[in-house]
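Please open the model in a viewer and keep the selection panel at hand. The tour proceeds from the whole chain to individual residues.

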Amino acid sequence: MAASNMRDIKRRIRSISSMEHITKAMKLVSSAKLRKAKANFEKTQGYLSYVTESIKEVFRDVDEAPADYLAGTREIKRTCYIVVTSCRGLCGSYNSNVIKAAQRRMDESDSQPVLVTVGSKGKDYFARRNYEICQEYDLPPEDMTFQMTQSFTGPILEMYKNGEVDEIVLIYTAFKSTLEYEVKTVKLLPFEFEAPKEGAVARRQVEYAPSIDQVFNYMIPKYAELTVFGSIIEAATCEHAARRMAMEAATDNANEMLSELSLTYNRARQAAITNEISEIVGGAEALA
């Protein structure tokens, strides 16, 4: 009985040891990908932030923007949600946090949801629940290029202009540090212009040529494309950070289990040896 128990413990030790090697290797791979993704994020973040903030600044200086882009000018009947998840698991609560935030936002809204999914995890979840998915992109966010981002933001903006959707909301994971990230929700369209606070600097007088409508029709797509592209890069960085943390925790748990199993095995082995010695001594005394 003791020998059978020891064999079971050794089998578990071999199994957990193999799993520990896998999680440790995945942690190293995720760490390397995280460094690359973080460098790409930091390199592009400065440029994207400057451009998007410059566009926002122009919007803030506008007294009469085209009505199509302003909040309150149309009833919100259909909302397009751009949900950015990953294509792979083993990254802790990364995907579930994004999906829960999107689900909660849709449940709280009275409008009909229309989905654009980046990453297969979000697509699979909402497809199983029969949500309307007008576009889906199964490539990992880290493989998405700016040209690919343009290819699906263009049709979304056309749907907005044609009145097929009345609101565009972006849901993704924002990077704070390698150990911390959070789900962020950004409303791309329509814009909500804040009234200047009392004592604030007065708006600048800006002249638009050839017309304000043509300028906005050019700038709005650029703003949307850059915002979505920046969020995808940021989400990819968060994914690798989450997977590295998950694999590190899994490796630590495996090491802890191996220590406990090794102790249990040594105790069982010691008990078996003690039992054999007792049998030998008992047999010798019987023959004496």
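What percentage of the 288 residues of the protein count as buried? The value is 41%, where buried means under 20% relative accessible area, exposed means over 50%, and partly exposed lies in between (1.4 Å probe, protein chains only). The model is a predicted one, in which local features need pLDDT of at least 70 and side-chain atom pairs count only at pLDDT 80 or more, while totals for chains, interfaces and linings use all residues. Residues are numbered from 1 along each chain as its sequence is written, and side-chain values use heavy atoms, with hydrogens and water left out.

**The whole chain**

Begin with a cartoon of the entire protein, which contains 5 helices and 5 strands. Helices (H or I, at least four residues) and strands (E, at least two) are DSSP runs, numbered from the N terminus. Followed from the N terminus, the elements run α-β-α-β-α-β-α-β-β-α. Among contacts with a separation of 6 or more, 75% are between residues 24 or more positions apart; contact means heavy atoms within 4.5 Å.

**The sheet**

Next, select the five strands. They form an open sheet in the order β3-β2-β1-β4-β5, with mixed pairing. Two strands pair if DSSP finds at least two bridges between them. The edges are β3 (133-137) and β5 (180-189), each of which pairs on one side only. From one strand to the next, the twist averages 20 degrees. Strands of a sheet pair through backbone hydrogen bonds, in either a parallel or an antiparallel arrangement.

Now restrict the selection to β4 (residues 167-177) and β5. These two strands pair in the antiparallel sense over 9 bridges. For one bridge, display Phe-175, whose partner in β5 is Tyr-181.

**Helices on the sheet**

Add α3 to the view. This helix lies across β1 (78-84), β2 (112-118) and β3, and runs at about 150 degrees to β3. Axes are lines fitted to C-alpha atoms, for helices over the stretch in contact, and angles run from 0 to 180 degrees between N-to-C directions. Then add helix α4 (residues 146-161), which packs on the sheet and touches β1, β2, β3, β4 and β5. The direction of α4 makes about 165 degrees with that of β3.

**The α2-α3 pair**

Select helix α2 (residues 94-108) together with helix α3 (residues 120-128). Their axes are 10 Å apart, and the helices pack at an angle of about 45 degrees. That makes α2 oblique to α3: angles under 35 degrees count as roughly parallel, over 145 as roughly antiparallel, 65 to 115 as roughly perpendicular and the rest as oblique. The crossing of the two helices is right-handed, meaning that the near helix is turned clockwise from the far one by less than a right angle; an anticlockwise turn would be left-handed.

Show the side chains at this contact. Asn-95, Ile-99, Ala-102, Gln-103 and Met-106 in α2 meet Lys-121, Gly-122, Tyr-125 and Phe-126 in α3. By class, the contact has 5 nonpolar, 3 polar and 1 charged residues. Here Ala, Val, Leu, Ile, Met, Phe, Trp, Tyr, Cys and Pro count as nonpolar, Asp, Glu, Lys and Arg as charged, and the others, Gly among them, as polar.

**Between α1 and α5**

Move to His-240, found in helix α5 (residues 212-287). Is His-240 buried or exposed? His-240 is buried, with a relative accessible area of 3%. Leaving out residues up to four places away in sequence, His-240 touches Ser-30, Lys-33, Leu-34, Ala-37, Arg-88 and Glu-142.

Ser-30 lies in helix α1 (residues 2-60) and is also buried, at 4% relative accessibility. Beyond its neighbours within four places in sequence, Ser-30 is in contact with His-240, Arg-243 and Arg-244.

Another stop in α1 is Ser-49, which is partly exposed at 28% relative accessible area. The C-alpha atoms of Ser-49 and Thr-227 are separated by 8.7 Å, although the residues are 178 apart along the chain.

**Backbone stops in the loops**

Most residues other than glycine have a negative phi, and most peptide bonds are trans. Select Leu-90, in the loop between β1 and α2, where phi is near 55 degrees. Leu-90 is exposed, with a relative accessible area of 53%. Asn-130, in the loop between α3 and β3, has a positive phi near 60 degrees and counts as exposed at 71% relative accessibility.

Finish at Pro-190, in the loop between β5 and α5. A cis peptide bond joins Leu-189 and Pro-190, with omega about -5 degrees.
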